[in-house]
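Hello,

Here is the structure I promised to pass on to you. Please open it next to this email, and then read on for what turned up in it.

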Amino acid sequence: MKEVTFILFLSVLFFSCSKQLTKKESELFKERGNQIVQKTAEELSGNLMSKMKEGGIPLAVEYCNTAALPLTSKVSEAEKVTIKRTSLKTRNSLNEPNEEELKVLKKYTSQLKKDVSPEAIVEIDHSGKPHYYAPILVEKKCLMCHGTIGKELSKQADSVIKSFYPNDLATGFSDGDLRGIWSISFP
Ligand code: HEC
């Protein structure tokens, strides 16, 4: 019995060691992750801005509501990865963080507090796959939907948002805050 346990222990050890990324691999995944983030962010933001022009915040929020997740899934399929945006304060509860994402969110938050700028990282996740994380920071243009209610975010806009997202926590942010993270799982 002891032997079996030891063999099991060895194979776990071997498995975990063999799953370490080399520096080079890590850099490659980071580069790929950065490209995917750029592509997804451009699509999301471009479509959002044209909806804003067309029909203001209500249409833009409706767009996010119906298109944000399908759009990330579409890019996920095309790139053969899994793309997620998550946050400590989510708007859509489907975007809630898992334990590993929570750790990264907390790490980035404490870095920002110490004036260290958070950077993209690649780690092996619980399923043994390479996983890319990158910070999403709040910019001025986000505040009309994620700022303080009654200030940058009007009460009317907030009630439109709450009608789609009754559990919305994603308000009260300021320029430069950590809004959330990109979380990309490679196959
Ligand atoms: C027109 C309003 C609007 C603007 C402007 C906007 N957002 Fe959002 N944001 C939303 C809505 C609505 C959702 C929920 C999308 C969904 O259903 O997945 C959301 C979701 C998110 C999420 C996913 C996590 C969560 O809370 O569910 C992140 C991250 C995010 N926004 C960041 C930003 C950033 C960064 C900016 C500025 C560059 C921005 N948003 C601008 C409306 C907006």
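Which residue in β4 is the bridge partner of Y132? It is I184. Before you go further, please keep in mind that this is a predicted model.

**The overall layout**

The protein has five helices and four strands. If you follow the sequence from start to end, the elements come in the pattern α-α-β-α-β-β-α-α-β. Of the 187 residues in the protein, 35% are buried. As for contacts between residues at least 6 apart in sequence, 68% of them join residues at least 24 apart.

**The sheet**

The four strands form an open sheet in the order β1-β4-β3-β2, and their pairing is antiparallel. At the edges are β1 and β2, each of which pairs on one side only. On average, neighbouring strands are turned by 25 degrees against each other, direction ignored. The pair that holds Y132 and I184 is β3 with β4, and these two strands are joined in the antiparallel sense over seven bridges.

Two helices are worth finding here. Helix α2 (residues 23-79) packs on the sheet and touches β1, β2, β3 and β4. The direction of α2 makes about 60 degrees with that of β1. Helix α3 also lies across β1, β2, β3 and β4, and it runs at about 140 degrees to β4.

**A closer look at α3**

Helix α3 covers residues 99-113. With 15 residues at 1.5 Å each, α3 should span 21 Å, and its end C-alpha atoms are indeed 21 Å apart, so the two agree.

Which residues of α3 are buried? They are E101, V104, L105, Y108 and Q111. These residues cover an arc of only 125 degrees around the axis, which means that they sit on the same side of α3. There is a general reason behind such a pattern: an α-helix has 3.6 residues a turn, so residues three or four places apart point the same way. The cover over the buried residues of α3 includes β1 (82-86), β2 (121-124), β3 (130-137) and β4 (178-185). On the face turned away from the buried side you will find the exposed residues E99, K103, K106 and K113.

Both ends of α3 have a detail to show you. At its start, a side-chain oxygen of N98 comes to within 3.1 Å of the backbone nitrogen of E100. Just after α3, D115 has a positive phi of about 65 degrees.

**Two buried residues in other helices**

Is C145 buried or exposed? C145, which lies in helix α4 (residues 143-146), has a relative accessible area of 15%, so it counts as buried. Leaving out residues up to four places away in sequence, C145 touches I57, R91, L153, I161 and A170. C145 and V61 are 84 residues apart in sequence, yet their C-alpha atoms are 8.4 Å apart in space.

D158 belongs to helix α5 (residues 155-164). With a relative accessible area of 10%, D158 is buried too. Apart from neighbours within four places in sequence, D158 is in contact with I149, L153, D168 and T171. L153 therefore appears in the contacts of C145 as well as in those of D158.

Enjoy exploring the model, and do write back with any questions.

Best wishes

Note on methods. Residues numbered from 1 in each chain as written. Predicted model: local features only at pLDDT ≥ 70, side-chain atom pairs only at ≥ 80, totals over all residues. Heavy atoms only, no water. Expected span 1.5 Å × (residues − 1). Buried < 20%, exposed > 50% of the residue type's maximum accessible area, 1.4 Å probe, protein only. Arc of directions from axis to C-beta. Contact = heavy atoms within 4.5 Å. Polar contact = N/O pair within 3.5 Å; in protein donor to acceptor, adjacent residues only side chain to side chain. Pairing = 2+ DSSP bridges. Axes fitted to C-alpha atoms, helices over the stretch in contact; angles between N-to-C directions.
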